[in-house]
Amino acid sequence: MSETPLLEVRELSKSFGGVQAVNRISFDLHKGDLLGIIGPNGSGKTTTVNLISGFVKASSGKVLFKGRDITSMAPYKIVRLGIARTFQMVKPFYQLPAYKNMIIPLYSPRVKALAGGKYGDRNAVALDLLEEVGFERDNQVAYKVASVLPQGYLKRLELAKAISLQPDIMILDELFSGLSLAEVASIVPIIEKLLSEGKTIIMIEHRLKELFRIANRVIVLNFGEKIADGAAKDVMESEAVKEAYLGSEE
Amino acid sequence: MNKRKERIDRGIKVRSEDIFALSSWREMLYLAAPRLIPVAAFIVLPLLLGPYWQRVLLSVAVFALLAISWDILAQTGMVSLGQALFFGMGAYCSAILNHYFGLSPFLTIPVAAVLGGVICTLLLMPVLRLRGVYFTMVTLIIPLMLERVIEATKIFGGTEGISGLAVLPSKWLELYILMAALTAALFGFRRMMTSDYGLVLTGIKDNDRSVMNAGINIYWFKIQALFIAGSVGAFAGAMMTHVYRFVGMPVFALDYSILPIAAVMVGGPGSFAGAVLGAFILVPLSEALRALGGLRIVFYGVFLVIFVVGLPEGIFHFISRKYSQFERWAEVDK
C-alpha cells in the first residue's frame, strides 16, 4: 500500500452542544475497498458520513480526498470532486415517475464534465441506469410515479442516483435497512459489480451478515469513537465490540 | 351501499413523452383548445372592452405577471411576501431612466426589467440561505423599508414621486405589449418548469438536500429563479409607470405583494395558468365591487374565503381535471 489513499480521514471530530457525536476518528480508504462502518444506534456512523460528504461541518480534524483537503467544503463541491452518497431516509420526488427522479443527478455539472461537456439524452440514460439496478424494463416500473413504488425500488432508485454521478467513492447509508432478505440478496450483486468495476464504497449497515459477505474491511464505532478496525471476522472477535453490541457483564 | 367517485383519464390524454396519436379534428381541438382559448382571449379582449375596462385589463395583466413571478419563486421553494419590491424597483428604474436621462419608454421598459431584476436579486441574495418563514419575512420588510427610505431621504421626488413621465405612443400599444408579455410569460414559464431545468428548480423546493447531493449548487439556481421572477415583476412595474406617467412611494405598497398571492391561491398554484386565471377573476371583481363603497373590501374578502375554502386546489386545477378526466359515481361494496 505505497500509493496515497483515495480518502484519508484524520482525527475527525464533531460535537453537537455537549454531545461528542464523533470523536477523533481516523481511517484510510484505498481504491477498490468496500469499507463497512457499523456500530450501535447513535454511535456516530451517519455523522461521520455527513462530515465526509460536507452536510455537517467538522469541529476539528481533516478529510483528504486524493490528497486534497475537502474538510467542510460545500456538499455540492464534494460531489463534483467524486464522492456521492445515498441517504438513510429515502426522500424521492414522489409525484414524479421514477426515471424523472434521475434527471436531477443527471443534470449535475459532474456528469456534464465527464461526458465531455455534453449532457446527452437524460431520459434514455436514466432508464438505462435504472435497469442496471433492477428496474425491469419489461414491466415499466421506471415509468411509475415514485409514490406508488415499494421501499425496495426506492432504495434502488437512491442507489441509481448515486451511480449516475459516476463517483470515485460511493457512500451508502443503510441501503439495506427496511428491505426483505430477498430484496437485499438482489441488491448485493449490484454492489459486487460496482466493486469489480473499481468503485470504492463505504457502507453503513446494521445488516451485518450481508455486509460481511462483501466488505473487505470493517470499522466499528461506539459513542463516536472507533473501537475496532480490520477484517470482518477479526473485528467481531474483539472484546470491545462484543461489549458495545451486547453490553458488559458486571 | 357506499359510493365513490371514479376518475378516468380521457383516452386522448394517454400519452408517452409528449407524442400524441391524433386521428380527428376533434382530438386536435381537444389538445389545442386550452392553448388557443387564452391566446384568443388576450387578442380579442382589448378590442371588445370600453376605455374604462381597458384600463382594468392593463391592471389585470400587471397583477397576472406579478402572480406568475410569485409562482416562479414559490415553485423554487421561496415564499415571497414582497412582490411589491420587484414591481416598485421596475417602476422606479424606468421612471429614473426616463426622467433624469431622457430615455424613451421603448428603452426604459426593457432596461428596467433587467436592471430591476438584477437589483432585486442582489438585495435578496444575502438572505437566500434563509429558509421558510425567515426568507418570507425579509421579502416583506425590504419594500416597506425602501418606502421609508424614499420618504426620509427625499430622493427621486420623495413623497411627491416623479410625475409627467413619457407615455407609449398609443393605448393599443400598451395593451398589446402587456398581452404579448402575458402570453409569453404564461407559456414560456410553463414550458420552462416542465423542462429538466424546471425539474431542478422544483427539486429545490421538495428536497434541497437531494439536489445538493447531485453536485448542484442550489444557491446558484435560486439566484437564477430570483432574477427571472424579479425581471417579470420589474417589467410589470416599468409598464405601469409609463401608463400612469407617475412613480411614487405607493409602488412599494402591500397591495402589490398581497393581491398576486391571492390570485395564485384562487387560480391554483404551480401552473402559472392558475395565477393568470386568478388575476383575471380578482382584479375585475375588485373593480365591480367599487359601487359598494366602504363595504367593498368586506365582500371581496368573503369572495376570497369562498374560493379558497370551496376550491382549495384552485380554479385552474379544478377545470383542468374536469377537462381531462371523466368522472362518475361508482358503487363500492361493503
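B:Asn2 sits across from B:Val332, a residue of β4(B). That pair belongs to a longer match: strand β1 (residues 2-9) of chain B and β4(B) run antiparallel and are joined by eight bridges. This is a predicted model, so keep that in mind throughout. How many of the eight residues of strand β4 (residues 325-332) of chain B are buried? The number is zero, so this strand lies largely in the open.

Now for the inside of the structure. The largest nonpolar core has 165 residues. The residues with the most contacts inside this core are B:Ala64, B:Leu65, B:Ile68, B:Leu182, B:Val276 and B:Ala279. Helix α2 (residues 51-75) of chain B gives the most to the core, with 14 residues. Take B:Ala279 and leave out anything up to four places away in sequence: what does B:Ala279 touch? Its partners are B:Val60, B:Phe63, B:Ala64, B:Ala67 and B:Ala263.

Staying with chain B, there is a helix pair to look at. Helix α3 (residues 83-99) of chain B and helix α5 (residues 132-153) of chain B cross at roughly 35°, and their axes come within 7 Å. On the α3(B) side the contact uses B:Ala84, B:Leu85 and B:Gly88, while α5(B) brings B:Thr139, B:Ile142, B:Pro143 and B:Leu146. Sort the contact of α3(B) with α5(B) by class and you get five nonpolar residues, two polar ones and no charged ones.

Over to chain A, where four strands make an open sheet. The order is β2-β1-β4-β5 (chain A), with antiparallel pairing. At the edges are β2 (19-29) and β5 (68-69) of chain A, each of which pairs on one side only. Strand β1 (residues 7-16) of chain A pairs with strand β4 (residues 60-65) of chain A in the antiparallel sense, over five bridges. In that pairing, A:Leu7 has A:Phe65 of β4(A) as its bridge partner. Helix α1 (residues 45-53) of chain A packs on the sheet and touches β1, β2 and β4 of chain A. The direction of α1 makes about 65° with that of β2(A).

Backbone angles in chain A deserve a look too. Most residues other than glycine have a negative phi. Here are two residues that go the other way:

| Residue | Phi | Place | C-beta neighbours inside 10 Å |
|---|---|---|---|
| A:Arg24 | near 45° | strand β2 of chain A | 14 |
| A:Lys66 | about 50° | loop between β4 and β5 of chain A | 15 |

Are they buried or exposed? A:Arg24 counts as partly exposed because it has 14 C-beta neighbours inside 10 Å. A:Lys66, with 15 such neighbours, also counts as partly exposed.

Finally, the place where the chains meet. In the contact between the two, 17 residues of chain A face 14 residues of chain B. Which helices of chain A each supply at least two residues of the side that touches chain B? They are α2 (75-81), α4 (103-106) and α5 (109-114) of chain A. Of the elements, α2(A) gives the most to that side, with four residues. By class, the side of chain A that touches chain B divides into ten nonpolar, one polar and six charged residues.

Methods: Residues are numbered from 1 along each chain as its sequence is written. Chains are lettered from A and ligands numbered from 1 in the order in which they are written. This is a predicted model: local features need pLDDT of at least 70, side-chain atom pairs count only at pLDDT 80 or more; totals for chains, interfaces and linings use all residues. Two residues are in contact if their C-beta atoms, placed from the backbone, lie within 7 Å. Ala, Val, Leu, Ile, Met, Phe, Trp, Tyr, Cys and Pro count as nonpolar, Asp, Glu, Lys and Arg as charged, and the others, Gly among them, as polar. Two strands pair if DSSP finds at least two bridges between them. Axes are lines fitted to C-alpha atoms, for helices over the stretch in contact, and angles run from 0 to 180 degrees between N-to-C directions. A residue is buried if 20 or more other C-beta atoms lie within 10 Å of its own, exposed if 12 or fewer, and partly exposed in between; C-beta atoms are placed from the backbone. A nonpolar core is a set of buried Ala, Val, Leu, Ile, Met, Phe, Trp, Tyr and Cys residues joined through C-beta atoms within 7 Å.
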